[in-house]
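Me: I'd like a close look at a single part of this structure, one strand and whatever sits around it. Could you walk me through it in plain words?

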Amino acid sequence: MKQQYVFGLAAFLAIVGLSVFMYKWQALDFPATRNQETSVWTIESSIHFDSGPGSIKVNLLIPTLTPGFRMLNENSVSRGYGFSLNYGSGGREAQWAIRRADGPQTIYYRISVYEDQGLRQSDTTPPFPPPPVINEPFRTAVEVIVAEVKEHSADTASFTAELLRQMNDPSPDPNVELLLSNASTRAEFVDSITTILASARIPARMVHGFELQGRQRSAEPVTWLEVHDGERWRYFDPMSGEENLPERFLVWWRGNEPLVNVEGGSNVQVEFAVQENHLDAVVIAETQAAQQGASIIDFSLYSLPIQTQTVYGVLLMIPIGALIMVVLRNMVGIDAFGTFMPVLIALSFRETKLFWGVMLFTLLVALGLSIRFLLDRLRLLLVPRLSAVLIVVVILMLLISLISHRLGMETGLSVALFPMVIIAMTIERMSVVWEERGAADAMRAGLGSLVVAIVAYLGMGLAWLEHLIFTFPELLLVVLSFVVLAGRYTGYRLLELSRFKALSGQ
Amino acid sequence: MKFVRAQDLREAGVLGVNQRNCDFIMRLNPRSLYPRVDDKVITKGLALAAGMAVPELYGIISNQGEVHAFGDIVADRQSFVIKPAQGSGGDGILVITGRSKRKRELFRLSSGVLISRGEIAHHISNIVGGQYSLSGNRDKALIEYCVNFDPVFTELSYQGVPDIRVIVYRGYPAMAMVRLPTRASDGKANLHQGAVGAGVDMSLGQTLTGVLDDEIVDEHPDTGALVSGLQIPHWDFILQTAARGYEVTELGYLGVDMVIDKDLGPMILEMNARPGLNIQIANCEGLSKRVARIDEIFDRDTSPEKRASIARREFPAERQTSIHFDQ
């Protein structure tokens, strides 16, 4: 009966722990391995203008569909303006409005995105565009060019490529020259190309965006050509005619509408700044999950202050140490002082590193033990003697630190990080065992403690494990279920297989 | 270090520490009953009330202020034993076997070493302070009669008092061994301190081979005497007394430690709620099979005498003679 309770409890704990883990890992994309950093790009647009006498309304086109990028967050900073997000014909629009404003005004809009190669938002399949109304003599020129390009192309993609080649020809056709006579900027150039494509009944539009790389104090939006081939949108470099999109190209807005429109203001200027940050993948997963409304995130350790996080980073490994302790004591059968002393010793090794930890610990215990035997001659009572050992341990630590500092070995300073109460207790326990059961037993248990401490240190120091436990604290339930099961382990301990070998029946 | 297969041990019926703790101690020995065996003052009281023989108690020192009363308690007695009431594994026991002829303040330990009254007082202070108690709490020091052990064991012990450990499972004596002090064990009869444990044929009350540090031995390491074949006197009485330990303590898995005094016969020295497992090596036999047999024949209403005779009938030694001659 009781056995079933234990198994049931262990299974319950393991299932709960593992399912929360799987949910966070698979559904919420929490990283299971460490140091998964993601570049997060923050693009800030600032709109400067002089306010007019009346009410002011500012419209800014902002990213809607951003292939290859996922939005982390966006916000706007503007003093006294009402803010709203709307959907216009060209995509999303941010709108600020104020009844009255004085002097030069600045409005900020900021968006943070990160790369997500898998992201392909569904875009609408556009209808065939109506033939544009073009005045003569441009009309004839367009018709001639369309007819000529059609001769040299097979489909939409090759048509576009051929058109771009002709338009970029260094010694252009007179028709091309005529069409481009008004196009002084890249945007106007692309605009005229979309007009020609529309005449050929090919859906095309301009895309404006930024090539994200490093930190750019003032970034200029670059115009690119987007052509729909009946199945998907294709991107063309309007200058080279190659079908590609620059690496890390964030599409800001589409179409030929102006980026910003200010009613009631003048001298409008828009500036862009780009900044790259490296954010832990965990943070992104959390923000993402929070946006999806997964309440499990409210209990994440990453929401704690950084300092507390560091403390828990260590604390959460103690159960791992305890598990190692359980295995080594109940399944292997190693003798050690105290129940959790080795785990606490292992904790202090974290600061001193293993080699120096073992050296300093051994040195301290050896010195303390000899002092303890001296104290024994004074026949002190138990508590005063323990206190005396404690004081001696502190003095010894001080001496070790000073001497090692003199010798230029800074590692010796880390001796101060040892929990001295633990050392004093170890010395006391060891000396009692030494007196009562002899040096061999004391040495064996002392060595056993050290071995357990070293194994626990190695186990608790596994970086991937630490990350795993910290990101998925629910795994502690799995550890707990292991420990509960180990509590009902009635098989032989490993060392018993040697101890009882005389009884093996051979 | 040589290892054997777990399966071989299981077939031999060897009981492991984990199984002992989990299936026997936790199931059969409720925590609330522990003080009956962990505190020797209580054990002594219960045993006396049940009419069992125990070493006479000279006095108890229960706090630091009473340590000086030690002299009054001892008075002119030549020999006595000082032990912590809640000690474990024989730690903290001081056996005084005599006094210096010229200086009365000097006491002779069982090893022959002389120690002063001040050193004894310090030892008592340590006991009272809790150095040897299981929990580390304050403790009491018992000063009691020093057993004048039966000469039957003289050849087989190096100083100290040999004792007989009987494992009593649900009231039935299941296995026994004689624990023989050695020089290494400093006169103490605890196996982990280096004493020799000799298995006992339950039906005959005769010693079998011995175990020293988990190894089987034929001879006492100090005296060289043959360990096996020694007839233990008062065997019936010893088994009955051990069986009665179950009524006294109500512990289902119990170790009863007894000594045989030359004049007073077998006496209970102490009882143990977590007896060790080396007794299996000493007897060359696992406990599990005997325990299973006791579970089969268990009858709540049997008297201790009946249970002792059942143990004699059921558990004759099987393998020891052959092993003895093989080696």
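Reply: Let's start with a pair of residues: A198(B) has G210(B) as its bridge partner in β10(B). This is a predicted model, by the way. The A198(B) side of that pair belongs to strand β9 of chain B, residues 196-201, while β10(B) covers residues 206-212. The two strands run antiparallel and are joined by four bridges. Together they make a hairpin with four residues between the strands. Look at G205(B) there: its phi is positive, near 75°.

Now for another neighbour of β9(B). Strand β8 of chain B, residues 172-180, pairs with β9(B), also in the antiparallel sense, over four bridges. To find your way across, go to R179(B), which stands opposite G197(B) in β9(B).

So how covered is β9(B)? Six of its six residues are buried. You can check that one face at a time: V196(B), A198(B) and V200(B) are buried on one side. Flip to the other side and you find G197(B), G199(B) and D201(B), buried as well. Both faces of β9(B) are covered, then.

If you zoom out, chain B also meets chain A: 31 residues of chain B are in contact with 24 residues of chain A. On chain B's side, the elements giving two or more residues are α1 (6-11), α2 (17-28), α6 (117-129) and α8 (278-283). The largest share, five residues, comes from α2(B). Sorted by class, that side of chain B has 12 nonpolar, 13 polar and six charged residues.

Key
Residues numbered from 1 in each chain as written. Chains lettered and ligands numbered in written order. Predicted model: local features only at pLDDT ≥ 70, side-chain atom pairs only at ≥ 80, totals over all residues. Buried ≥ 20, exposed ≤ 12 C-beta atoms within 10 Å, placed from the backbone. Pairing = 2+ DSSP bridges. Contact = placed C-beta atoms within 7 Å. Nonpolar A, V, L, I, M, F, W, Y, C, P; charged D, E, K, R; others polar.
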